[in-house]
Amino acid sequence: MVLATTGIGWRFYTDLTGGINTSDVISLDGGESKPSGTDVNVLLVGVDSRTDAQGRPLSKQVLAQLRSGAEDGVLNSDTIILLHVPADGGKATAISVPRDSYVDIPGHGKGKINSAYPMATLKEAGKLRNEGLSELEVEKKSRDAGRALLVKTVEKLTDQHIDHFAEVNLLGFFQLTNAIGGVPVCLKNPVNEWRSGAKFPAGPQTISGGAALAFVRQRYELPQSDFSRIRRQQVFLASVAHKILSAGTLTSPSKLQGLIDTAKESVVLDPRLNILDFARQASNLAGGNLEFVTIPTAGADNNSSGDVVVVDTDDVQKFVKEKIQATGTAAPPPAAKPDPSQVTVDVRNGTGRSGLAAQVARKLDDHGYQQGKLDNIDDPPKASTVHYAPGHSEQAKALADVLGGINTEEDSALTGDTTRVYLASDFSVTDITSPSEDDRSSSSSRHRSSAPAAPPAPPITADGVPCID
C-alpha cells in the first residue's frame with residue numbers, strides 16, 4: 001500500500017513539475033531564495049488574458065466558452081493578492097489589492113497598480129520585435145517583464161519581499177472550477193447583469209466554468225462596485241481552497257489529474273517555488289486557517305489615470321505588517337465588548353413604585369440600549385435580576401453591571417438579543433451607573449437616524465460559505 005501510494009503521488013508530481021510554465025520574475029537582491037520551512041509571501045495574480053500560459057492565442061470557440069470577446073493589446077491584472085503563509089502551518093493571510101489602487105510604479109511614476117503589468121509588457125514587446133524575435137518569443141519574454149514590474153510594485157507598496165509568484169489566466173480559472181466539480185457560493189439577492197453575464201438566483205448554489213468567471217468578474221449593479229467584486233473573489237477563492245484541501249480533491253486521482261492538466265496549460269509559477277514543499281506547508285489552510293482581507297484605502301479620485309482608488313502607502317505597510325505578525329500561533333484578540341445598541345431590554349417593575357420601568361428604560365437609553373416592552377408585575381422576584389437568552393450571558397452581565405451589579409439568569413423563553421430586567425424591592429435607580437462618552441455618542445447617533453448601522457462584515461475564511469452581495 002505504501003509503495004503504491006507513493007508511486008501514484010510521485011507520478012502526479014513529476015507530471016506537474018515536468019510540464020508547468022515558469023517565469024523567473026523574483027528578485028533575490030544578491031541573496032538566495034528562502035529555504036523550505038520558513039514564512040513565505042506569494043503574489044497571486046489573475047490576468048484577463050486571451051492567450052494560454054505558453055503565449056498562444058485562445059481560439060474563438062474557447063473565448064466563447066469563457067464569455068470573453070477579443071481585446072487586442074489589453075492585458076489586465078485584475079486580481080492581485082499577497083498570500084502570507086507562516087512556516088509553522090498556522091493561520092495564513094491573503095491580502096487583496098484593489099486593481100485601481102493609485103501607487104508608485106518603479107521607474108514609471110504613479111499609476112493604477114493593474115497598469116504595471118501591461119505597461120512593461122508592451123514596452124518590452126516593442127523592443128523584442130525590433131530585435132527580430134518571433135511573436136511567440138515576444139509574447140513569453142515581454143510577459144516576464146510585465147510580471148517582474150508588478151512584483152516590484154507590490155513590494156514597494158507593501159514593504160514585503162515577494163518570495164514566489166503564481167499567475168492564472170481566464171482559461172485556467174474556467175478549467176479549475178470544472179476540474180474540482182464546481183465551487184459552492186451563496187448570494188443574498190438574485191443577479192442578472194448583462195455586462196459580465198452574471199445571472200444567478202439568490203441563495204446557496206454550485207457554479208463552474210463560464211458562470212464562475214461571471215461571478216468573480218461582475219462589478220456593475222453591486223453596492224460597492226470593485227470592492228464588492230473583491231469580496232466576491234475572496235469568498236470564491238476561500239471556497240476553492242476549502243474544497244481542494246478538505247473535500248478529498250487531492251486524494252482523487254481523476255480530480256488531481258484535472259488540476260494538473262489545468263496548471264500545465266494555464267498557470268505560470270516562478271521556478272524557485274517547490275510545489276511539494278509549498279503543498280505541505282499550505283495543507284492546513286482549510287477552515288479558519290486562511291483569512292482574506294483588503295488593504296486600507298482613502299476614497300476615490302479622478303486624475304490623468306482615470307478613476308482611481310486612493311491609498312496611503314504608510315497605512316498600507318502598517319496594515320500588512322500587523323496582519324502578517326498576527327498569523328501563525330499568535331494569541332487570539334480579546335473578545336469584543338457587547339454592543340448595547342444591539343440589545344433590546346424589556347423592563348418588568350415589581351416594586352409597586354409607579355413609573356419605575358419607564359425611568360429605568362430612559363437611563364438605559366442613555367447607555368445606548370434599545371427599549372423593549374415596559375410593564376408592571378404583581379409577583380416580583382426576591383431580588384432584581386436580568387434574564388437572558390441561552391448563549392448571551394456576556395451581554396447580560398454587561399447590562400447587570402450597568403444596573404448596579406444585579407443578578408443574571410438564563411431564560412429559555414427568551415431568544416436573540418432580547419433581555420428582560422425584573423425589578424424587585426431591593427432595586428434603586430441611584431445604583432445605575434453613569435454612561436460613558438462613548439455611550440452618549442452611541443445614543444445620540446441612534447436618535448439622529450432611525451436606520452440601524454450595518455453590522456461589520458464577518459471575516460472571510462476557508463470555513464463555510466457566507467452569503468454575499
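What is the volume of the largest cavity? In this predicted model, a search of the whole structure returns two cavities of 30 Å³ or more, and the largest cavity has a volume of about 90 Å³. Its lining is made up of Asp-78, Thr-79, Ile-80, Ile-81, Ser-96, Val-97, Pro-98, Arg-99, Asp-226, Arg-229, Ile-230 and Gln-233. At least two of the residues lining the largest cavity come from strand S3 (77-85), and at least two come from helix H7 (226-246). When the lining of the largest cavity is divided by class, five residues are nonpolar, three are polar and four are charged.

The second largest cavity, with a volume of about 50 Å³, is bordered by Val-345, Val-347, Ala-361, Leu-364, Asp-365, Tyr-369, Gln-370 and Gln-371. Strand S16, helix H11 (356-366) and strand S17 (370-376) each provide at least two residues of this lining, and H11 makes the largest contribution to the second largest cavity, with three residues. The lining of the second largest cavity comprises five nonpolar residues, two polar residues and one charged residue.

Two of the strands that border the second largest cavity, S16 and S17, also belong to an open sheet, in which five strands follow the order S17-S16-S20-S18-S19 with mixed pairing. S17 and strand S19 (407-410) occupy the edges of the sheet and have a single partner strand each, so that one side of each is left without a neighbour in the sheet. From one strand to the next, the twist averages 20°. Strand S18 (residues 385-388) and S19 run parallel and are joined by four bridges; within this part of the sheet, His-387 has Glu-409 in S19 as its bridge partner.

The sheet strands S16 and S20 also carry the partners of a salt bridge, one of 10 that a search of the whole structure finds. The side chains concerned are those of Asp-346 and Arg-420, which meet with an N to O distance of 3.3 Å. Asp-346 lies in strand S16 (residues 344-349) and Arg-420 in strand S20 (residues 418-423), and the pair thus links distant parts of the chain, 74 residues apart. Both Asp-346 and Arg-420 are buried.

Salt bridges that share partners also join Glu-139, Arg-143, Asp-144, Arg-147 and Glu-167 into one network. Within this group, the side chains of Arg-143 and Glu-167 meet in a salt bridge at 3.2 Å, N to O. Arg-143 is located in helix H4 (residues 135-158) and Glu-167 in strand S7 (residues 164-169), so this pair ties together parts that are 24 residues apart in sequence. Arg-143 counts as buried because its relative accessibility is 4%, and Glu-167, also at 4% relative accessibility, counts as buried.

A further salt bridge is formed between Glu-135 and Arg-129, whose closest N and O atoms are 2.9 Å apart. Here Glu-135 is partly exposed, with a relative accessible area of 49%, a value that falls short of the exposed class because that class begins over 50%. Arg-129, at 43% relative accessibility, likewise counts as partly exposed.

Methods. Residues numbered from 1 in each chain as written. Predicted model: local features only at pLDDT ≥ 70, side-chain atom pairs only at ≥ 80, totals over all residues. Heavy atoms only, no water. Salt bridge = Lys/Arg side-chain N within 4 Å of Asp/Glu carboxyl O. Buried < 20%, exposed > 50% of the residue type's maximum accessible area, 1.4 Å probe, protein only. 1 Å grid on protein atoms, 1.4 Å probe; cavity = no way out; pocket = protein on both sides within 12 Å on 5 of 7 lines; lining within 4 Å. Points joined across faces, edges and corners; volume = space filled by probe spheres on them. Nonpolar A, V, L, I, M, F, W, Y, C, P; charged D, E, K, R; others polar. Pairing = 2+ DSSP bridges. Axes fitted to C-alpha atoms, helices over the stretch in contact; angles between N-to-C directions.
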